[in-house]
Amino acid sequence: GHTVSGFTAARFNGEWFGESEIVAAMAGHLAIPTIMVTGDDATIREASHFMSWIEGVVVKAATGRASCDCFPGDLARSRIESSAQRALQNLSQMRPLLVSPPIDVEVHFPTSAHASQAESIPRAVRSSQTSVAYVADDFFEAYRFFTTALRLGSAVRTEATLRFLTTDEATAARLVDYKLQRSEDYWRAEPWIVVELPPERS
């Protein structure tokens, strides 16, 4: 499965996680089990690798990175309903997806420019030309780092668009002021990263 944005890839404790695993691990942090996943055949194959207990429902066949063949609506609904019933009947076998702390997170970007933006997060380190790493105390913190890195990396595309649209120095100056204000408001409103250093490993 894709990793939320479609242009990044992420590893948690060395394992490549798709969106299904990231969401399931966030639920697992709250002690909530994942009982069913629906999606294309690739998503179900990936989710079942990490969560063998789930009910996996294939409702479309992946044909490429951003394309698929959807099953007829009646068939997809029937599969989802029957799988949901089986999942509820087997709740005692369902488990949360747990990722053992400390959690090593590594986010991979398509270019070094994306990684340079994400590297500005406190405690983040550059692990390669196009990736940034972070050590989190739990999955909630790991998820916050991941989503923040994603947002900062996405700013590269936004900046490129703004540069293209800028036609004069006055407009450019206003865009710079706007960007600085938005950045300050963002970090004040959402303290995404816990800045205390993690304990040293023995």
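**Exercise 1. Work out how many aromatic pairs the rule gives, and classify the one between F12 and F17.**

Start with the count: the model gives 5 aromatic pairs, where rings of Phe, Tyr and Trp (its six-membered ring) pair if their centres lie within 6.5 Å, and planes under 30 degrees apart count as stacked, over 60 as edge-to-face and the rest as tilted. Next, take F12 and F17: the ring centres are 5.3 Å apart and the planes sit at 35 degrees, so this pair is tilted. Then check burial: F12 and F17 are both buried (under 20% relative accessible area; exposed is over 50%, partly exposed in between, with a 1.4 Å probe and protein chains only).

A word on the ground rules: this is a predicted model, so local features need pLDDT of at least 70 and side-chain atom pairs count only at pLDDT 80 or more, while totals for chains, interfaces and linings use all residues. Residues are numbered from 1 along each chain as its sequence is written, and side-chain values use heavy atoms, with hydrogens and water left out.

**Exercise 2. Follow F17 to F50 and say which parts the pair ties together.**

First the geometry: F17 and F50 are 5.0 Å apart centre to centre with 70 degrees between the planes, an edge-to-face pair. Now place them: F17 is in strand 2 (residues 15-17) and F50 in helix 2 (residues 41-50), so the pair ties together parts 33 residues apart in sequence. Helices (H or I, at least four residues) and strands (E, at least two) are DSSP runs, numbered from the N terminus. Both F17 and F50 are buried. Finally, zoom out: F12, F17, F50, F139 and F146 make up one aromatic cluster.

**Exercise 3. Lay out the open sheet and find what packs on it.**

Begin with the order: 3 strands run 3-4-5 in an open sheet with mixed pairing (two strands pair if DSSP finds at least two bridges between them). Strand 3 (36-40) and strand 5 (67-70) are the edges, each pairing on one side only. Strand 3 and strand 4 (residues 55-64) run parallel, joined by 5 bridges, and M36 stands opposite E55 in strand 4. Now add helix 2, which packs on the sheet and touches strand 3 and strand 4, its direction making about 145 degrees with that of strand 3. Contact here means heavy atoms within 4.5 Å; axes are lines fitted to C-alpha atoms, for helices over the stretch in contact, and angles run from 0 to 180 degrees between N-to-C directions.
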